[in-house]
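User: I'm new to this structure and would like to learn how to read it. Could you walk me through some features, one at a time?

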Amino acid sequence: MSASREKQHRKTAGAPPKTAREAQMRKEEQRSRLMYGAIGVALAVAIVASILWNSNIIARSATAATVDGRNYSAAQVSFYYRNAYMTFANQWSGLLSYFGLDTSMPLDSQEINDTAASFLDVEAGTNWKEYFLNRGLEQIATVQNTLEQAREENFTWPDSVQEELDEAMENLTSAARGNGVTNGRYLQSIFGAVMTERIYRAELLRLLQSQAYNEAYESRIAYTEDELAAAYDASPNDYDLVNYESVRFDGTFVEPEEEEDADAAADSDSDADESASENADAEEADDESADAEADSDSDADENAS
């Protein structure tokens with residue numbers, strides 16, 4: 001691998017986390033995200049009528065985007081667009097309402113609010129469909145760049161790639177059968193009318209191969225504890241994540257009136273007086289009882305005499 005590609009791939013893999021344990025957690029998170037994220041490669045992106053993806057107007061083989069000199073069809077772009085959306089929705093499911101994202105509504109009818117814009121480092125007012133489209137194109141670039149590096153190294157794909165692909169296709173068949181449709185129809189319900197089982201399988205294979213290479217590459221990278229700590233200290237916000245939920249109650253707080261305060265104080269004093277009186281009565285009763293017992297003892301002594 002050339003020095004420039006080595007540097008570029010280090011940027012793709014991300015800066016090292018604080019500890020070895022966090023490095024493993026980051027690796028698992030990256031795997032679950034299916035290589036979600038951007039890399040610093042030169043992109044020449046041309047979007048052609050993406051709004052028509054869910055119709056048959058654009059042929060499946062028509063070019064919908066060009067990424068770094070390679071053309072991608074509407075079906076291929078749709079694959080990564082939907083993957084970016086579903087990955088985000090699953091990863092941040094607890095914060096979607098906080099971001100103002102309603103998964104039951106069309107994405108192009110919802111704008112990214114200020115909170116989400118700050119969190120995602122994008123401009124507020126962009127609609128969510130545009131955001132996920134850009135993330136999908138970035139993922140295409142990530143996969144394309146990674147596979148080119150793998151070919152340069154004559155990288156051998158591990159058996160796990162084929163195993164995961166077979167498992168995914170079996171899950172697809174099971175899901176389609178459960179819904180009473182063919183695999184193709186099921187995929188079209190998710191990715192749009194341009195998707196086919198053949199295209200889905202091919203892009204999923206590329207994605208799994210990209211993951212496998214990145215995992216192998218990361219396993220070759222070694223960092224000292226000092227390097228890990230320095231990377232964390234330089235940018236802790238890149239590694240510290242907080243997941244929380246908020247609850248809102250609608251209501252109005254009413255300040256108590258002065259008369260109410262006085263009444264409350266008077267009631268409190270009255271209760272205190274009553275309590276003191278009850279205590280005094282109790283003490284008097286105890287004294288009378290003690291006197292009665294003393295008289296009884298004296299009478300008993302006189303009788304004995």
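## Reading a helical protein, step by step

User: Let's start with the overview. How many helices and strands does the protein have?

Analyst: Keep in mind that this is a predicted model. A good opening move is to list the elements: the protein has 11 helices and two strands. Reading from the N terminus, the order is α-α-β-β-α-α-α-α-α-α-α-α-α. As for burial, 32% of the 305 residues are buried.

User: And how do I read the contacts across the chain?

Analyst: Look at how far apart in sequence the partners are. Among contacts with a separation of 6 or more, 66% join residues 24 or more positions apart.

User: Let's zoom in on a helix. How many residues does H6 have, and what span does it reach?

Analyst: The idea is to compare the end-to-end reach with the one expected from the residue count. H6 covers residues 128-152, which is 25 residues, and it reaches 36 Å from first to last C-alpha, close to the expected 36 Å.

User: Why is H6 described as largely enclosed?

Analyst: Count the buried residues, meaning those under 20% relative accessible area. In H6, 20 of the 25 residues are buried, so the rest of the structure largely encloses this helix.

User: What happens at the two ends of H6?

Analyst: At the N-terminal end, check for a cap: Asn127 plays that part, with a side-chain oxygen 3.0 Å from the backbone nitrogen of Lys129. Past the other end, look at the backbone angles: just after H6, Asn154 has a positive phi of about 55°.

User: How do H3 and H6 cross?

Analyst: Take the distance and angle between the axes. Those of H3 (residues 74-91) and H6 come within 8 Å and cross at roughly 110°. Angles of 65 to 115 degrees count as roughly perpendicular, and H3 and H6 are therefore roughly perpendicular to each other. The crossing is right-handed. Residues making the contact include Tyr80, Ala84 and Phe88 of H3, and Phe132, Gly136 and Ile140 of H6.

User: Any reason to expect spacings like that along a helix?

Analyst: An α-helix has 3.6 residues a turn, so residues three or four places apart point the same way.

User: One last residue: is Glu203 buried or exposed?

Analyst: Compare its accessibility with the cut-off. Glu203 is at 3% relative accessibility, so it counts as buried. It belongs to helix H9 (residues 197-220), and its side chain makes a polar contact of 3.3 Å with that of Arg206. Setting aside neighbours within four places in sequence, Glu203 touches Gln76, Phe79 and Tyr80.

Note on methods
Residues are numbered from 1 along each chain as its sequence is written. This is a predicted model: local features need pLDDT of at least 70, side-chain atom pairs count only at pLDDT 80 or more; totals for chains, interfaces and linings use all residues. Side-chain values use heavy atoms; hydrogens and water are left out. Helices (H or I, at least four residues) and strands (E, at least two) are DSSP runs, numbered from the N terminus. The expected span of a helix is 1.5 Å times one less than its number of residues. Buried means under 20% relative accessible area, exposed over 50%, partly exposed in between (1.4 Å probe, protein chains only). A polar contact is a pair of N or O atoms within 3.5 Å; within protein, one must be able to donate a hydrogen and the other to accept it, and residues adjacent in sequence count only if both atoms are side-chain atoms. Contact means heavy atoms within 4.5 Å. Axes are lines fitted to C-alpha atoms, for helices over the stretch in contact, and angles run from 0 to 180 degrees between N-to-C directions. Angles under 35 degrees count as roughly parallel, over 145 as roughly antiparallel, 65 to 115 as roughly perpendicular and the rest as oblique. A crossing is left-handed if the near helix is turned anticlockwise from the far one by less than a right angle, and right-handed if clockwise.
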